[in-house]
Amino acid sequence: MPPQSPHENPMSPEELEAAAAANEADALAQLQAQVAELQAKNVDLADQYLRAKAEVENARRRADEEVSKARKFGVESFAESMLPVVDSLEAGLAVADAPNEVLREGSEATLRQLLSALERNKVVAIAPAAGEKFDPHQHQAISMVPADQDANTVVATLQKGYLIADRVMRPALVTVAAPK
């Protein structure tokens, strides 16, 4: 009798059942391995999430502390630059019988000291010259007067204004040329 091919040799029902059970067991083992792998990934991701959340909270707390310190001690540098001016004024007032010339010289030196301290702290004077175009962002017009110059130009500065880091603290008070 010639040998039979495997296709011709049907499996017995018991063999088919055993093969199916083996396939199901392999599939079940694979699914259980996938579930275990996903559970491990889930635990790892949950841990990473908690660490990231704690890191964000720490960063937020540190930022809040820095902002609080900046508010509390923000004027420290400015105050330190004002102390020599205070010392100079007190020294000048301590001299009882100083001649007017000496008092004037001391006052001028103290003013230079004060202006220098303001400049170091980015406080800049706004003092428009006569004939300069009126700038409503930096100047405040007190009045309009007839003048022999272009309309809407500064005639006179009555009081200096000041900027701090390009922000107007106080506008310069000016009179402006009226239109002809």
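This tour moves from the whole chain to one pair of helices, with a suggestion of what to select at each stop.

The model is predicted, so local features need pLDDT of at least 70 and side-chain atom pairs count only at pLDDT 80 or more, while totals for chains, interfaces and linings use all residues. Residues are numbered from 1 along each chain as its sequence is written, and side-chain values use heavy atoms, with hydrogens and water left out.

Select the whole chain and show it as a cartoon. Its secondary structure comes to three helices and six strands, taken as DSSP runs (helices H or I, at least four residues; strands E, at least two) and numbered from the N terminus, and along the sequence they follow the pattern α-α-α-β-β-β-β-β-β. The radius of gyration, taken over C-alpha atoms, is 43 Å, well over the 16 Å that the globule rule (2.2 Å times the number of residues to the power 0.38) gives for 180 residues, so the chain is more spread out than a compact globule. With only the C-alpha trace shown, the spans along the principal axes are about 140 × 55 × 25 Å.

Next select residues 76-94, helix 2, together with residues 100-120, helix 3. Their axes, lines fitted to C-alpha atoms over the stretch in contact, with angles running from 0 to 180 degrees between N-to-C directions, come within 9 Å and cross at roughly 175 degrees. The two helices are therefore roughly antiparallel, a term for angles over 145 degrees.

Finally, show side chains where the helices are in contact (heavy atoms within 4.5 Å): residues including Phe78, Met82 and Leu89 in helix 2 meet residues including Leu103, Leu114 and Arg120 in helix 3.

Terms used: Parallel < 35°, antiparallel > 145°, perpendicular 65-115°, else oblique.
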